[in-house]
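I opened this entry to keep a record of what I looked up, going from one local detail to the model as a whole.

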Amino acid sequence: MKSGLILTSAILAASVLASACGNTKEAVQPSAVASTPVPSAAPAAPAVDYTQAIDQYRTYVIEQCNAYVKATGEFTAAIKAGDLEKSKELYAPARMYYERIEPIAESLGDLDPAMDAREGDVEEKDWRGFHRIEKGLWMDGKTHGQEGYADQLLSDSKLLRAKVETVEIDSTLLLTGAVELLNEVSSTKVTGEEERYSRTDLYDIAANVEGARKIFDVLKTEVEKKDAELARTIDGRFNNLFKVMEPYKKGSGYVLYTDLTQDQTKKLSQAVDALAEPLSQMGKKLGA
């Protein structure tokens, strides 16, 4: 009985040992898998925080709107006083405040065509705003008949000012707005189609470029984080465009579009296009 017990114990011990060996093998396998180096995923790029840029741009838009309402009020007063020369003098400078923030106005429904439609853009019965008055001042050569349009323009400018307090400004509006302003220059301003009566297109061009520059400035830090070379390129091409426009300054404004030669207009157009290309890459770099 004792020897049988010993035998039984020996068999049991061998079985436990074999089982233990088997378990050890199985236990090693997952351990080996766990120790195999697994390539870690590249860390996700930090999301762009637009909060500060949007706050800065809204402050800029409100400042421009305040100046726009004031300048439009003075323009309207000159028209209602029958002062043709003063009205012509104030026309282009008043528009510059609007042209710098045009993407905002375009996001507010009918305000843009109400204030900035050119002849033929809307039905004759609906045509009002700057260019309606422009035609009266330069083509008809008189302020008489423009008083009602001036009053409506001033009312629309005040409505724009009221709406910018609550207008939604997001990253898309910022990024597309900068490009749209440059497109405006390329499509109608540098071709001389915008100010067909007053020929004050260079005021509009300068204002559009300044508005696009402001958007780049509020986003510049984020662009530098993503692509410092792109930021330097955009910066340099803005500076080049302002340099190209420098000779056309006259007093506090600009010469008439018709004072430029064909070569000068071509050079200006090329500088605008050279800036538009890298500027359009901002959205992709910032993930918008």
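I began in the loop that joins helix 8 (171–189) to helix 9 (201–226), where R199 lies. This is a predicted model, and in it the phi of R199 is near 60°, a positive value in a residue that is not glycine. I noted this because most residues other than glycine have a negative phi. Is R199 buried or exposed? With a relative accessible area of 17%, R199 falls under 20% and therefore counts as buried.

**Helix packing**

I turned next to the pair formed by helix 2 (residues 51–80) and helix 6 (residues 130–140), and I looked up the angle and the distance because two packed helices are described by these values for their axes. Helix 2 and helix 6 pack at an angle of about 35°, and their axes are 13 Å apart. The crossing in which helix 2 passes helix 6 is left-handed. Which residues make the contact? From helix 2 I listed Y68, F75 and I79, and from helix 6 F130, I133 and L137. Sorting the contact of helix 2 with helix 6 by class, I found six nonpolar residues, with no polar and no charged ones.

**Salt bridges**

How many salt bridges does the structure hold? I recorded 26 of them, and I then went through several individually.

E119 forms a salt bridge with K135, and the closest N and O atoms of this pair are 2.8 Å apart. The pair links distant parts of the chain, since E119 sits in the loop between helix 5 (111–116) and helix 6, while K135 belongs to helix 6, with their positions 16 residues apart. I checked the accessibility of both partners: E119 has 27% relative accessibility and so counts as partly exposed, and K135, at 26%, also counts as partly exposed.

K125 appears in two of my notes, once as a partner of E123, with the closest N and O atoms 3.8 Å apart, and once as a partner of D126, with the closest N and O atoms 3.3 Å apart. For K125 I wrote down a relative accessible area of 66%, which means that this residue is exposed. E123 counts as exposed as well, at 52% relative accessibility, whereas D126, with a relative accessible area of 42%, is partly exposed.

I also followed a network of salt bridges, in which R95, E99, D116, R118, D121, E184, K189, E194, E195 and D204 are linked.

**The model as a whole**

For the overall architecture I noted 12 helices and two strands, and from the N terminus on the elements run α-α-α-α-α-α-α-α-α-α-β-β-α-α. Of the 288 residues in the protein, 43% are buried. Among the contacts with a separation of 6 or more, 76% are accounted for by residues 24 or more positions apart.

I left the confidence values for the end of the entry. The protein averages a pLDDT of 86, and 84% of the residues score at least 70. Over residues 1–34, however, the pLDDT is below 50, and this stretch has zero contacts in the model beyond near neighbours in sequence.

Notes
Residues numbered from 1 in each chain as written. Predicted model: local features only at pLDDT ≥ 70, side-chain atom pairs only at ≥ 80, totals over all residues. Heavy atoms only, no water. pLDDT = per-residue confidence, 0-100. Contact = heavy atoms within 4.5 Å. Helix = DSSP H or I, 4+ residues; strand = E, 2+ residues; numbered from the N terminus. Buried < 20%, exposed > 50% of the residue type's maximum accessible area, 1.4 Å probe, protein only. Axes fitted to C-alpha atoms, helices over the stretch in contact; angles between N-to-C directions. Left-handed = near helix turned anticlockwise from the far one by under 90°. Nonpolar A, V, L, I, M, F, W, Y, C, P; charged D, E, K, R; others polar. Salt bridge = Lys/Arg side-chain N within 4 Å of Asp/Glu carboxyl O.
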